[in-house]
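Hi,

Here is the structure I promised to pass on. Have a look at it first, then read my notes underneath.

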Amino acid sequence: MTTQQPWQFPDDLERIAGQFDLGGAVASIEPLGNGNVNDTYRVTLQAQGAPAYVLQRLNTRVFPQPELVMGNLLLFSEHVALQLRNGCPFLADRRWEVPRVVPARSGGLHWVEDEGCFWRLLSFLEGAHCFETVSSLAHAREVGHGLGMFHALISDLPVGALADTLVGFHITPTYLSLFHQVLANPEMPLNPGLNACPELEDCLSFVRAREGFVSVLEDAKSAGILPLRPIHGDPKINNVMIDASTGQAIALVDLDTVKPGLVHYDIGDCLRSCCNRLGEETTDWPAVRFDPLLCEAVLQGYGAVASSFLTSHDYAYLFAAIRLIPFELGLRFLTDYLAGSHYFKIQHPRHNLDRALVQFKLTESIEVQEAEIRSIIEAMR
Ligand code: GN1
Ligand code: MG
């Protein structure tokens, strides 16, 4: 198994970027975004006006078969390009883009460095930004619209053609089993018996009180009520690019988790991220709240496109998804904290516990506002 270490030597980064068809000399390579899993850099060239690139090292502990991730990305990009060429009614005069994969000089789509590090290069989308928190209702509506366009553009991509690149992703009962395994293992570095603190005890009770609810989406999937579709997997606020001049959503980036799933995972993930005005990295977790006005705006934007493909069963499970996905992410952060934080990158030892507290507070806020959120969903139909 490859050990992933933060890359420390810019010289090495430049040499790695040089393995790809950049079309010019590199001026600088800077860290880009705040990904919790992969390492991402922006590559700027020396020539004035030359396009910039996104250089990424895929975390092969999380994505053990990175070639399959590239395969899904290609299939997805080709499908969307075809849709755009054919002209989509809901796109009308909007700009919509998909990052382009830049081939390696060796001929493939990626470059495997010493020790199995898996690198790839993508085009950088110019004239657009992403944000860590929502800035306005209009921004929230655009994020929802962007997710709706993303789903609509791939709604006729045969789901069986996409590989399962991350087995168990968003399968909440699997995360619950892992949580129990970790708790039962006395060797775990942060076994609560050894390192109890009031916040950790609160998190453990929070999970235990909700165990009966974790299979709600998987049960509906197994019963054939909710179909597998191609999804993004991680459509949080900072993965939705907003055009700098029009304020419109123009792309969803971070396409590693494009694979078969439920659109409910995406809707829940988008809302848990957009409707938390303090952002998922806040340390002021007692103040975290799910904002129903932002929820309404995101769902209006989403529904403007998605009403064309959502079924009445889909609507019936939206509230469950909105409640489940922040709970699931809290559970994932908590389990990683207990197991020694080997999955999500951390800046300090308590980081994943703090992140779990934020997601659980958000879940609680959703639960107490259930009636209002359900009426927002009703108004979409
Ligand atoms: C991870 O690496 P990043 O930040 O794009 C995670 C998502 C979580 C997210 C929380 C493959 O995404 O599922 O929602 O952190 N990605 C993976 O910020 O596990
Ligand atoms: Mg991601």
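Below are some ground rules, then the strands, the metal site and one aspartate.

This is a predicted model, where local features need pLDDT of at least 70 and side-chain atom pairs count only at pLDDT 80 or more, while totals for chains, interfaces and linings use all residues. Residues are numbered from 1 along each chain as its sequence is written, chains are lettered from A and ligands numbered from 1 in the order in which they are written, and side-chain values use heavy atoms, with hydrogens and water left out.

Start with strand β2, residues 39-45 (strands are DSSP runs of E, at least two residues; helices are runs of H or I, at least four; both are numbered from the N terminus). Of its 7 residues, 5 are buried (under 20% relative accessible area; exposed is over 50%, partly exposed in between; 1.4 Å probe, protein chains only). β2 runs antiparallel to β1 (residues 26-31), joined by 5 bridges, and also antiparallel to β3 (residues 53-58), again through 5 bridges. Pairing takes at least two DSSP bridges between the strands.

Next, the magnesium ion (ligand 2): its protein donors are D234 (OD) and D254 (OD), 2.0 Å from it. Donors are N, O and S atoms within 2.8 Å of the metal (3.2 Å for Na, K and Ca), and water is not among the atoms, so the site may look incomplete. D234 is buried at 18%, whereas D254 is partly exposed at 27%.

Finally, D291 sits in the loop between α8 (263-274) and α9 (292-306) and is buried, at 9% relative accessibility.

Cheers
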